[in-house]
Each structure stands twice: as C-alpha cells, then as structure tokens.
Amino acid sequence: MPVIRPRRLRQTPAFRAIARQTRVHPNELILPAFVREGIGAPVEISSMPGVVQHTLDSLRRAAVDAADAGVGGIMLFGVPAVRDAMGTGATDPDGILNVATAAVVAEVGDALVVQTDLCLDEFTDHGHCGVLDARGHVDNDATLERYADMAIAQAEAGSRLVGMSGMMDGQVAVAREALDAAGHQGIAILAYSAKYASAFYGPFREAVDSQLQGDRRTYQLDPANGREGLREAALDLAEGADVVMVKPAMPYLDVLAGVAASSPVPVWAYQVSGEYAMLEAAARNGWIDRDAAIAEAVLGIRRAGADAVLTYHATELALALRG
Ligand code: PBG
C-alpha cells in the first residue's frame, strides 16, 4: 500500500483551497479594447463573438465596467477611418487612438491603468508595423523615429503605459529617450519582448480592419525559437523596459516560464484574439464548459509565470472571480 498519498490534500474543497499554489486576482487582468473612428454604434467582430469595435461612448462605458469589476488596466487599440504610408493618424493628437485615450482617462482617471498600443500597423495603408523603404521592406530605423513621436503623442493624450508591439530593434530605448526628453519620465514602457509571428492573431486582423498583405516574419519572432525570446526580453530590460511580455500566451508557456525565471521586472502575457476565438468557438459548439475553460486558461498562464494577463475576457472573469 502506498505511504505517500498526494490525494490527501485533494480530499475536500477546504483542503484543495489551502493547498492551491496559484490564484488569479482581478487586478492582474488587463482588458484590450478596440475603438473605431467614424461609427455611430459598436460593430461586432464576427471572429471574436462578444468583442466589438467601440465608439468613443461605448469605450467609455466598457472602461467604467472594467474598473467596477476590479480589472487592473485597459489596453487601447485604434482603428482609424483613413490610413496612409507613414501612419500619420498615430501621431496626430486628433487621431482616434489619442482622442480615445484622453476620453477614457477623463472617464476613469486612475481607476484603471490606461495603456496604449504603440505600433503603426493599425494606421498604415500597407498594414505593416513600420514604415517601408524604397524596396517595400520595413525600415527599422525610420520606424523608430515614428515610434518616438508616437510615444510622445500617446503620453500627451494621457496614456500611462505604452505597449511597444512593433518588434523593431531598439524600440524601447528610443521610446524611453523620447519620453524622458519630453518630460514624460513617469510613463511606463511595456515591451512586447517575445512577440511571435503567430497564426493566432487572425481575428485581431478583423478587429483592426488590417490592410496587411503578406506577413510579419521579418520582424516578429519565429515560433520555433524559445531562446531568442529570452534574448529579446534581456535586450528590452537593458533598454529600460518596465514590464516585459510574451505573446501569444498558451502556445508559448515555455517562453513565458523562461522569461519569468530571469526577469527582475513584471512579466505579462497576452492571451490573443485567436486564443479567445478558440475558446468561444468550442464553447458555442458545446464542446467545452465555457466558464471553466476561460478561468483555467488564465490560471495556467499565471501559473507559467505571468504576473498579469491581457485577456478579452478580463471584465467577465474579474466579475466571476469576485463571485
Ligand atoms: C500589433 C498588434 C497585434 C496584436 C496586438 N498588437 C497584431 C499583429 O502583430 O499582427 C494582436 C493581438 C491579438 O491577436 O489579440 N499592433
């Protein structure tokens, strides 16, 4: 007969509660949200049931709901009405993302950490995360100049944290220098350090009405490369990142655990649009228990090492956790 019986600690709900090694708190959830210019009512995103492109008004309400549920932050993405090669709307104070940022800050103040996606892909007519050179390749250093201006524009709109998702070399250092030189030393930088060229971003492309032809494999990480993700995180730390992130989450839990094992700063993970879509699609078919699967997915990401998780389920999950 076995002497060692791990089942002893699983006997009752009380035993299981006292033995539980990971918990998820609403404050550790961050809600990504889309705001679209020039629409009169929210627009459903068909590949992300339950997620919409917001109007300014509906975005304000979603931010209030998130804050009331105890969610820790909101990450804003803009969908402009007009795009051009340089992504001019990204640095225009009247551009949709900057206007929306100011509107959300006016509505919720510091009840949520208001954050902005700092990347050009939503604003360019070619859909790439940077500007293109004469041959049509993404020009790293010319893009950095745009990111510097974008960081300042977002800080001036009221963003408290810029999320650098473009995967250009040197982007964190350039944003830090630009922010500091403009007097925005208090604005935090989230580095999407280990952002993979993933098929799981599919529904996001609908969410931001992406114009992308081709792919992002010359700047986002190859899904095969774990150590390279650790290297990117180390570089971003050296450049002054306040938070580093791994994205997507579930297919990259090994990278997340590796970054968490060595990072002196908080590590976040982004449960992306395709992860959301898979959960919702399976639940709609009755193939999984929706609420249990949503909670388990985020718990697993936390257990692997994420201090906080960006998830489209943030508000709903926060409410469920509060019971
Ligand atoms: C780029 C960006 C993307 C996502 C977040 N920031 C798209 C991409 O790199 O193609 C994807 C998020 C998601 O899929 O939920 N601005």
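**A tour from the core to two annotated arginines**

Begin by selecting Ile-74, Ala-175 and Val-309, which touch the most other members of the largest nonpolar core, a set of 98 residues in this predicted model. Such a core consists of buried Ala, Val, Leu, Ile, Met, Phe, Trp, Tyr and Cys residues joined through C-beta atoms within 7 Å. Next, colour helix H4, residues 140-157, which gives the most to this core, with 9 residues; helices here are DSSP runs of H or I with at least four residues, numbered from the N terminus.

Centre the view on Ala-175, whose contacts, not counting residues up to four places away in sequence, are Leu-118, Tyr-147, Ala-148, Ala-151, Val-162, Met-164 and Ile-189; a contact requires C-beta atoms, placed from the backbone, within 7 Å.

Now move to Arg-205 and Arg-216, which an unreviewed UniProt entry lists under "binding site", an annotation that may be inferred rather than shown by experiment. Arg-205 is found in helix H6, residues 202-207, and counts as partly exposed because it has 15 C-beta neighbours inside 10 Å, the limits being 20 or more for buried, 12 or fewer for exposed, and partly exposed in between. Arg-216, by contrast, lies in the loop between H6 and helix H7 (226-238), and it counts as buried because it has 21 such neighbours inside 10 Å. Show Cys-129 and Ala-197 as well, since Arg-216 touches both.

For selections, residues are numbered from 1 along each chain as its sequence is written. Local features need pLDDT of at least 70, side-chain atom pairs count only at pLDDT 80 or more, and totals for chains, interfaces and linings use all residues.

Terms used: Helix = DSSP H or I, 4+ residues; strand = E, 2+ residues; numbered from the N terminus. Contact = placed C-beta atoms within 7 Å.
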